[in-house]
Amino acid sequence: MSKSQSYLLRGQVNRLETTTQVTLSVLALGSGVFTYLGVRELLDGSATTVFLGAVIYSSAVSVGIYAFWSYLMRLMPHVRGSRGFLYLAMLLGAVMIMAMSSWLNASALAGAAALEQHLSNTTEDYQQRFNAANENALAAQSLLPDIQLAAQRFAGLADVERQSGALTGTSGSGTVVQLLSQMSGQLGGLQGEILESRKSVDAIFAEGSKRLATMRELVSSAGPVAQRSNAYAEEAVKLSGLITALQQTSVAPAVKRAAEDLGKSFIAPVADAADANLQTRQTEVVGKVEAAVKAQSDQLARAADEILARPVVEPLRFTPLSAPEAVIRYAGDFLPSWAGAIAIDLLPGVLIFILCVVQDVIRREEGSAAETGEMSAAELMQALRIHRQLRAMDGESDAAFAAHDDVVQQNQPAAHYPKSALR
């Protein structure tokens, strides 16, 4: 790089001085405005208190950012060595700026979208829990075919025994027919209970589906997100109640109790036939019916236990968030907003690096001449005067030394005459 190019660089740096200051001012002001929008969501109180608090905080942030970068921009490029501490100060200041401003800037840029993201994710959680509760409530419906088949089997055996006496060899309505009809009736009653619970589950599910549709509409509709969040919270509370109701509507506990009672409370009737052989046959058939009832009871009880072993669905509690909290929680979904919020605060650091590089290049190319390259005419004249004074002082010193030498020479004793020869 020639001297003219170095001079050109210095001129460009001087010309960019105004642009640099204006840029720094605009960036500090912009950061302050977004900080005001973000901190306003965190303050609570009257409208005046919130406004004054947000203005004071954002003003302090703007002044702090402007002063911090102005100090570094003025000093760091002109430090020739040992910039390590200044870089450490820049790093510490950047961390402080992000702590007091950048996250609030991100809140102002993406706060509403983050709140909508929170509502959307919460809706999905409610949907999953509601579906799980509905599945648990309907799980007992899977027992309905087995119960219907068992009831029909007992009813069919009773009809066959009544008409043809296929079990005891004697037709008519006797002990066996009454027992089979009784078992069929008990199973039929359990079947009716399950069908009745299905109606209640369907009604609750329809109501819950409406609540979920309203919640989704609140998430995607226009308008202030704070107001929509309040309405969403009301719907969430109602949906939590419906989830609890579904848990309580499950008929699985009733099926288990009925199945256990079916096997434990079975009382074999006494054969009532007048013929001893018929009584024996009735007793044999009653024993077989008892074994079949106990087998059916064990099967239903095991099926009910499997349903009851499913994990209980706990109702979800909706937690409202402020815009800054939502931005932090869902930071991964709003990386561009975070990047813009941080860049507006830390961009002056790039300008400082550029100035440092340019100043280092200028000093390296100009060498010692760079020290005088920026001297003004007044400074040059003053340097010349000082130089003349030093020369004059040097001349007076030389004259004084010369006079001193003359005096010393005059004061020296005369040379001794040579001694006469000894006679």
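Is E116 buried, exposed or partly exposed? Keep that in mind as you load the structure, which is a predicted model. The answer is that E116 is partly exposed, with a relative accessible area of 28%. We will come back to this residue on the third stop.

**The whole chain**

Start with a cartoon view of everything. The protein has 12 helices and zero strands. Of its 423 residues, 35% are buried. Switch on a surface and you are looking at about 25000 Å² of exposed area, with carbon and sulfur atoms supplying 59% of it. Now think about contacts between residues at least 6 apart in sequence: 81% of these join residues at least 24 apart.

**Helix α2**

Select residues 47-75, which make up helix α2. Its end C-alpha atoms lie 42 Å apart, which agrees with the 42 Å that 29 residues should span at 1.5 Å a residue. Colour the buried positions next; among them are V50, A54, S58, V61 and W69.

Then show F51, L52, V55 and I56 as sticks. Together they form a nonpolar patch on the surface, with about 370 Å² of accessible area. L52 counts as partly exposed because its relative accessibility is 46%, between the 20% and 50% cut-offs.

Move along α2 to S62. This serine is buried, at 16% relative accessible area. Which residues does S62 contact, leaving aside its neighbours within four places in sequence? They are A28, L29 and G32. Zoom in on the first of these: the side chain of S62 reaches the backbone oxygen of A28 at 3.0 Å. You can also draw a distance from the C-alpha of S62 to that of V33; it reads 8.5 Å, for residues 29 apart along the chain.

Before leaving α2, select R74 and E17. The two form a salt bridge, with the closest N and O atoms 2.8 Å apart. R74 belongs to helix α2 and E17 to helix α1 (residues 3-39), so the pair links parts of the chain 57 residues apart. E17 is partly exposed, at 29% relative accessibility.

**Helix α6 and its charged partners**

Next, select residues 225-249, helix α6. Its 25 residues reach 35 Å from first C-alpha to last, close to the 36 Å expected. Its buried residues include Y232, L239, I243 and L246, as well as the charged R228 and E235.

Bring back E116 and add R228. These side chains make a salt bridge whose closest N and O atoms are 2.8 Å apart. E116 sits in helix α3 (residues 84-139) and R228 in α6, 112 residues apart. R228 is buried, with a relative accessible area of 7%, whereas E116 is partly exposed.

Now show R211 with E235, where a salt bridge has an N to O distance of 3.3 Å. R211 lies in helix α5 (residues 175-220) and E235 in α6, 24 residues apart. E235 is buried, with a relative accessible area of 11%. Add E207 to the selection, and you have a network of salt bridges linking E207, R211 and E235. A search of the whole structure finds five salt bridges.

**A last stop on α10**

Finish with S337, in helix α10 (residues 335-366). Is S337 buried or exposed? It is buried, at 18% relative accessible area. Show A106, L109 and A110 beside it: S337 touches these residues, not counting those up to four places away in sequence.

Note on methods
Residues are numbered from 1 along each chain as its sequence is written. This is a predicted model: local features need pLDDT of at least 70, side-chain atom pairs count only at pLDDT 80 or more; totals for chains, interfaces and linings use all residues. Side-chain values use heavy atoms; hydrogens and water are left out. Helices (H or I, at least four residues) and strands (E, at least two) are DSSP runs, numbered from the N terminus. The expected span of a helix is 1.5 Å times one less than its number of residues. Buried means under 20% relative accessible area, exposed over 50%, partly exposed in between (1.4 Å probe, protein chains only). Patches are made of residues with over 30% relative accessible area and no salt bridge: like charges are joined within 9 Å, nonpolar side chains (Val, Leu, Ile, Met, Phe, Trp, Tyr) within 5 Å. Accessible areas come from the Shrake-Rupley method with a 1.4 Å probe; for residues, only the protein chains shown count as cover. A salt bridge is a side-chain nitrogen of Lys or Arg within 4 Å of a carboxyl oxygen of Asp or Glu. Contact means heavy atoms within 4.5 Å. A polar contact is a pair of N or O atoms within 3.5 Å; within protein, one must be able to donate a hydrogen and the other to accept it, and residues adjacent in sequence count only if both atoms are side-chain atoms.
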